[in-house]
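Subject: Structure handover and findings

Dear colleague,

Please find below the structure that I am passing on to you. A summary of what was found in it follows.

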Amino acid sequence: MARVNQTSSVSEFILLGLSSRPEDQTSLFILFLTMYLVTIIGNLLIILAIHSDPQLQTPMYFFLSFLSFTDICFTTTVVPRMLVNFLSEKTISYAGCLTQMYFIYALGNTDSCLLAVMAFDRYVAICDPFHYVTTMNHHRCVLLVAFSFSLPHLHSLLHTLLLNRLIFCDSNVIHHFLCDLSPLMKLSCSPTFVNEIVIMSECSVVLVTPFLCIIFSYLRILIAVLKIPSASGKRKAFSTCGSHLTVVALFYGSIFYVYLQPLSTYTTRDHIATLVYTVLSSMLNPFIYSLRNKDLKQGLKKLMGKRKSQAAPSRQTHTCNLLHLNLVSTRSL
């Protein structure tokens with residue numbers, strides 16, 4: 001009974017955010033609103049371009065469309081809450097905080113798994129091109145995507161349940177702009193030994209395993225590419241991997257900086273790294289993939305061309321209707 005009373009004493013948390021200075025709130029709101037809109041529009045264009053262009057109906061772009069969808073959901077889990085906090089009270093309910101943390105971990109690890117799957121796809125395409133169609137068939141691609149979405153949700157559920165058993169009876173001020181494990185565990189009145197053991201073991205495995213798969217895939221790709229005699233062949237092989245490697249470096253670099261460290265060393269300086277993998281990475285992904293990929297560029301141009309061609313007949317019809325009305329009115333006069 002005492003445990004229930006202590007737990008219920010904290011019904012909400014206060015997110016201090018990126019800055020406590022009132023004069024910074026409006027400019028931060030405009031900045032992150034712009035970044036959020038760019039993220040949504042950019043990733044939506046990637047999804048629409050892939051699904052509207054028959055030439056982009058390949059496993060690589062199939063996985064990329066789900067990565068873009070996940071990035072939209074991931075950013076939506078974080079940024080709208082930040083925008084509300086910039087212009088109003090910085091409070092979030094206990095249930096809302098746990099819900100946000102659940103989806104942050106679920107969607108963040110989904111991104112991680114999808115990046116590993118995309119690396120495996122490039123490995124098969126370059127190292128075993130003759131069996132690529134049979135190896136990366138549609139059924140297997142769907143299974144890989146389903147696995148990438150299901151495993152992270154189980155991982156996130158484990159940490160959410162472990163956090164829910166902790167007692168929060170003192171301060172409810174979170175020195176962060178989102179609900180994350182480390183700052184929440186610092187507020188706990190009860191021992192967090194089990195949580196820390198699980199974070200350093202299970203969490204490390206979930207993070208590091210996809211990263212090791214990516215490293216293994218690209219080592220095999222590097223060995224295969226070095227055996228290609230022509231320089232143009234090597235450039236073509238590396239060009240298909242450059243965008244993915246850039247995204248991997250941006251995403252995993254910031255995540256490892258935040259999470260592969262002891263709880264006691266977690267400081268507000270980690271906020272910048274958290275912003276990189278939660279907001280900046282999702283915003284930059286469409287630019288990285290489209291600017292370095294000729295097929296996707298062409299798909300985006302076709303998508304824009306279709307919209308223009310659909311808009312042109314409607315304008316012509318509107319003009320013809322106006323001319324017809326003018327002609328009828330002239331005759332009546």
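I begin with the cysteines. Cys 127 has a relative accessible area of 28% and is therefore partly exposed. Please bear in mind throughout that this is a predicted model. Cys 127 takes part in no disulfide, and the nearest cysteine sulfur, at 8.9 Å, belongs to Cys 241. Seen from the other side, the closest cysteine sulfur to that of Cys 241 is the one in Cys 127, and the 8.9 Å between them is too far for a bond; a disulfide would require the two sulfur atoms to lie within 2.5 Å. Cys 241 has a relative accessible area of 2%, so this residue counts as buried.

The structure does hold 1 disulfide. It is formed by Cys 97 and Cys 179, whose sulfur atoms are 2.0 Å apart. The torsion about their S-S bond is about -120°, which makes the disulfide left-handed. Cys 97 belongs to helix H4 (residues 94–127), whereas Cys 179 sits in the loop between strand E3 (173–174) and helix H7 (181–186); the pair therefore ties together parts that are 82 residues apart in sequence. Cys 97 is buried, with a relative accessibility of 0%, and Cys 179 is buried with a relative accessible area of 0%.

Turning to the nonpolar interior, the largest nonpolar core comprises 83 residues. Within this core, the residues with the most contacts are Phe 13, Phe 32, Leu 64, Leu 115 and Leu 163. Helix H4 gives the most to the core, contributing 16 residues. As for Phe 32, its contacts, leaving aside residues up to four places away in sequence, are with Leu 18, Val 79, Met 82, Leu 83, Phe 86, Leu 275 and Val 279. As general background, nonpolar side chains tend to be buried together in soluble globular proteins.

Finally, some values for the chain as a whole. Its secondary structure consists of 11 helices and 3 strands, and from the N terminus on the elements follow the order α-β-α-α-β-α-α-α-β-α-α-α-α-α. Of the 333 residues in the chain, 47% are buried. Among contacts with a separation of 6 or more, 79% join residues 24 or more positions apart. The accessible surface of the chain is about 17200 Å², and carbon and sulfur atoms account for 69% of that area.

With kind regards

Note on methods. Residues are numbered from 1 along each chain as its sequence is written. This is a predicted model: local features need pLDDT of at least 70, side-chain atom pairs count only at pLDDT 80 or more; totals for chains, interfaces and linings use all residues. Side-chain values use heavy atoms; hydrogens and water are left out. Helices (H or I, at least four residues) and strands (E, at least two) are DSSP runs, numbered from the N terminus. Buried means under 20% relative accessible area, exposed over 50%, partly exposed in between (1.4 Å probe, protein chains only). A nonpolar core is a set of buried Ala, Val, Leu, Ile, Met, Phe, Trp, Tyr and Cys residues joined through side-chain atoms within 4.5 Å. Contact means heavy atoms within 4.5 Å. Accessible areas come from the Shrake-Rupley method with a 1.4 Å probe; for residues, only the protein chains shown count as cover.
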